[in-house]
Amino acid sequence: MTPPLIVPRKLERLTGVPHAIPYQGSKRRLAHTIVPLIPVGAPRLLEPFAGSAAISIASKFSGAVGVAVISDVNESLMKLWRSLLDDASALADSYEQLWHEQLEDPRSFYDEVRRKFNATQEPHHFLYLLARCVKAAVRYNRHGEFNQGADHRRLGAKPAAMRKRLLETSKVMTGTLVMNGDYREILDMAQPSDVVYMDPPYEGVTNVRDHRYMQGVDRSEFEGSLADAVNRNVSFVLSYDGAMGGKQYGKPLPDALGMLHLHLHAGRSSQATLQGLDHDTVESLYLSPALVARLGGEPAVLASLEVAYTQDALI
């Protein structure tokens, strides 16, 4: 059976959600569909593949959850998050200084900041690189060094705009626990009262020349971790496989896990647009049995979302 296709819609309660860290693959827009799947009043939201932490920010902003725990295997990213939450003003000051210093020769300056970042892993250098690099896309070479080039059409967010984003995000995320490590450590922490949101790298995008992630996720180990979480009655939402322009990224997860499988229309692919193509993207959402039960069952879940149709016409 083809999973129901959900069309994202804008929620008034998410108007004005701040986002400080530019990051390719951010679920900022899709948060309007994902946040309603998080039971209001959940004491804690765990996000083990944090990235820009868009779901944690939106959930905290809307008041859906009390505390957020964000983690990622990328240590530099988590250092940036700690810097943002510890002293957003100081981080904004450092970014502003870099932004102005680049104006004389933006191309050479970007390369020099990238060299310094690979040597020192300073958070303000990473923020500058994310603001300037192509598509806000993190790429690493085989030595684990950041090697993404600059988007020479722009200079990154202006200092005033970046400061506003940093300060507002820091305020929303007050009390957030920042960790650095393997997703299994965070998933093992989850209690039945918690909710976990996972957005791991899709299959087929981690073993390429320019690595998009610090490391991939072993499919067999991941399925085992999901099975354990299901058995422990952990409530989780998972973004995993997807399709774009007839190409499938990852195989659907086994039916034996008992998860509710939904297709989410994620809009036009920016990567395809850059190539002169017109392709829509469909992403899979999986809901654990415990979460579906907390939300009132499958009919209640579907009734709360905008189901477009049940055919896979966009894939």
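How many of the ten residues of α6 are buried? Keep that question in mind as you go through these views of a predicted model.

**View 1. The whole chain, to get your bearings.** The protein chain runs to 315 residues, and 51% of them count as buried. Its secondary structure adds up to twelve helices and ten strands. Take the contacts with a separation of 6 or more: 71% of them link residues 24 or more positions apart. On the outside, there's about 14,400 Å² of accessible surface, with carbon and sulfur atoms making up 49% of it.

**View 2. Helix α6 and what surrounds it.** Here's the answer: ten of the ten residues of α6 are buried, so the helix is largely enclosed by the rest of the structure. The buried set includes two histidines side by side, His124 and His125, along with Tyr128, Ala131 and Arg132. And who does the enclosing? The buried residues of α6 pack against α3, α4 (88-101), α5 (106-120) and α7 (159-172).

**View 3. Where α3 crosses α6.** Two packed helices are described by the angle between their axes and the distance between the axes. Helix α3 (residues 75-86) packs on helix α6 (residues 123-132) at an angle of about 105°, and the axes are 9 Å apart. That makes the pair roughly perpendicular, because angles of 65 to 115 degrees count that way.

**View 4. The residues at the crossing.** From α3 come Ser76, Leu77, Lys79, Leu80 and Ser83, and they meet Pro123, Phe126, Leu127 and Leu130 of α6. Sort the residues of this contact by type and you get six nonpolar, two polar and one charged.

Technical notes:
Residues are numbered from 1 along each chain as its sequence is written. This is a predicted model: local features need pLDDT of at least 70, side-chain atom pairs count only at pLDDT 80 or more; totals for chains, interfaces and linings use all residues. Side-chain values use heavy atoms; hydrogens and water are left out. Axes are lines fitted to C-alpha atoms, for helices over the stretch in contact, and angles run from 0 to 180 degrees between N-to-C directions. Helices (H or I, at least four residues) and strands (E, at least two) are DSSP runs, numbered from the N terminus. Angles under 35 degrees count as roughly parallel, over 145 as roughly antiparallel, 65 to 115 as roughly perpendicular and the rest as oblique. Contact means heavy atoms within 4.5 Å. Ala, Val, Leu, Ile, Met, Phe, Trp, Tyr, Cys and Pro count as nonpolar, Asp, Glu, Lys and Arg as charged, and the others, Gly among them, as polar. Buried means under 20% relative accessible area, exposed over 50%, partly exposed in between (1.4 Å probe, protein chains only). Accessible areas come from the Shrake-Rupley method with a 1.4 Å probe; for residues, only the protein chains shown count as cover.
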